[in-house]
Amino acid sequence: MRIIIIIFMFLHLNSFAQKYSANNGEITFYSYAPIEDIKAENNKVSAIYDSETKELVFQLYIENFNFRKKLMQEHFNENYLESDLYPKSSFIGRVMSVNDSVAKVQGLLSIHGISNQIDAVGSFVKKDNTFILSSNFKVKLEDYDVMIPKIVMYKIAEEISIDVNITLIEN
């Protein structure tokens, strides 16, 4: 499925535009809660950027998040993000502006089958034939219908911090 999305994006975008892509981007999320902090990393994030249209697309598989504790990973996939029903998360948007390597990005973030408009700010540096992207933003679990049982509400934050770090290479 990832290949179909990538092919669609390349066919959709202007053939003369410079395109950049990555298959090993990293997205990390943190849940800072009173009883326990939770951190998970996914370093198999795919991304495409078109420098002419400013379109930016990310996609990842939920099951590729790695946790310090296997039980956390199991609960995350089975009980909270239901990765068997909602296997992917994506962002489809556009770089709205870049000033002194600081970019403003807008688009639809899809998690758990729900899409919401988000605005994010981050570092956007062009170096040789690459773009190096990094950002930190927050999402509320309730905005994506991720329900946290009351019994674990002090272990999982209602708002999750997300870090994005991706180096896109010119195609």
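This report describes selected features of the predicted model shown above, from its core to its surface.

The model is predicted, and local features are therefore given where pLDDT is at least 70 and side-chain atom pairs where it is 80 or more, while totals for chains, interfaces and linings use all residues. Residues are numbered from 1 along each chain as its sequence is written, and side-chain values use heavy atoms, with hydrogens and water left out.

## The nonpolar core

A residue is called buried when its relative accessible area is under 20%, exposed when it is over 50%, and partly exposed in between, with a 1.4 Å probe and protein chains only. A nonpolar core is a set of buried Ala, Val, Leu, Ile, Met, Phe, Trp, Tyr and Cys residues joined through side-chain atoms within 4.5 Å. The largest such core holds 43 residues, of which Phe 29, Leu 56, Phe 58, Phe 65 and Leu 168 touch the most other members.

Contact here means heavy atoms within 4.5 Å. With neighbours within four places in sequence left aside, Phe 65 is in contact with Ile 27, Phe 29, Ala 40, Glu 41, Asn 42, Leu 60, Gln 73 and Phe 76. Helices (H or I, at least four residues) and strands (E, at least two) are DSSP runs numbered from the N terminus. Asn 64 lies in the loop between strand E3 (55-61) and strand E4, and this residue counts as buried because its relative accessibility is 19%. Leaving aside neighbours within four places in sequence, Asn 64 is in contact with Glu 41, Asn 42 and Lys 44.

Tyr 80, in helix H2, is also buried, with a relative accessible area of 13%. Its contacts, again without neighbours within four places in sequence, are His 75, His 112, Val 146, Met 147, Ile 148, Pro 149, Val 152 and Ile 156. Tyr 80 and Asn 24 are 56 residues apart in sequence and 25 Å apart in space, C-alpha to C-alpha.

## Aromatic pairs

A pair of aromatic rings is described by the distance of the centres and the angle of the planes. Rings of Phe, Tyr and Trp (its six-membered ring) pair if their centres lie within 6.5 Å, and planes under 30 degrees apart count as stacked, over 60 as edge-to-face and the rest as tilted. A search of the whole structure finds 12 aromatic pairs.

In one of them, Tyr 30 and Tyr 32 are stacked, with 5.8 Å from centre to centre and 5 degrees between the planes. Tyr 30 is buried, at a relative accessible area of 18%, whereas Tyr 32 is exposed, at 52%. Tyr 49 and Phe 124 form an edge-to-face pair, 5.2 Å centre to centre and with 80 degrees between the planes. This pair links distant parts of the chain, since Tyr 49 is in strand E2 (residues 38-50) and Phe 124 is in strand E7 (residues 114-127), 75 residues apart. Both Tyr 49 and Phe 124 are buried, and ring pairs link them with Tyr 20 and Phe 131 into a cluster.

## Salt bridges

Side chains of opposite charge can pair when their charged atoms come close. A salt bridge is a side-chain nitrogen of Lys or Arg within 4 Å of a carboxyl oxygen of Asp or Glu, and the structure holds 2 of them.

| Salt bridge | Closest N and O atoms |
|---|---|
| Lys 69 and Glu 36 | 3.0 Å |
| Glu 41 and Lys 39 | 3.5 Å |

The pair of Lys 69 and Glu 36 links distant parts of the chain, 33 residues apart: Lys 69 is in the loop between strand E4 (66-67) and helix H2 (70-80), and Glu 36 is in the loop between strand E1 (19-31) and E2. Lys 69 counts as partly exposed, at 36% relative accessibility, whereas Glu 36 is buried, at 18%. In the other bridge, Glu 41 is partly exposed, with a relative accessible area of 31%, and Lys 39 is partly exposed too, at 40%.

## Loops with positive phi

Lys 54 lies in the loop between E2 and E3, and its phi is near 70 degrees, a positive value in a residue other than glycine. Lys 54 is partly exposed, with a relative accessible area of 35%. Asp 128, found in the loop between E7 and E8, has a phi near 55 degrees, also positive in a residue other than glycine. Asp 128 is exposed, with a relative accessible area of 66%.
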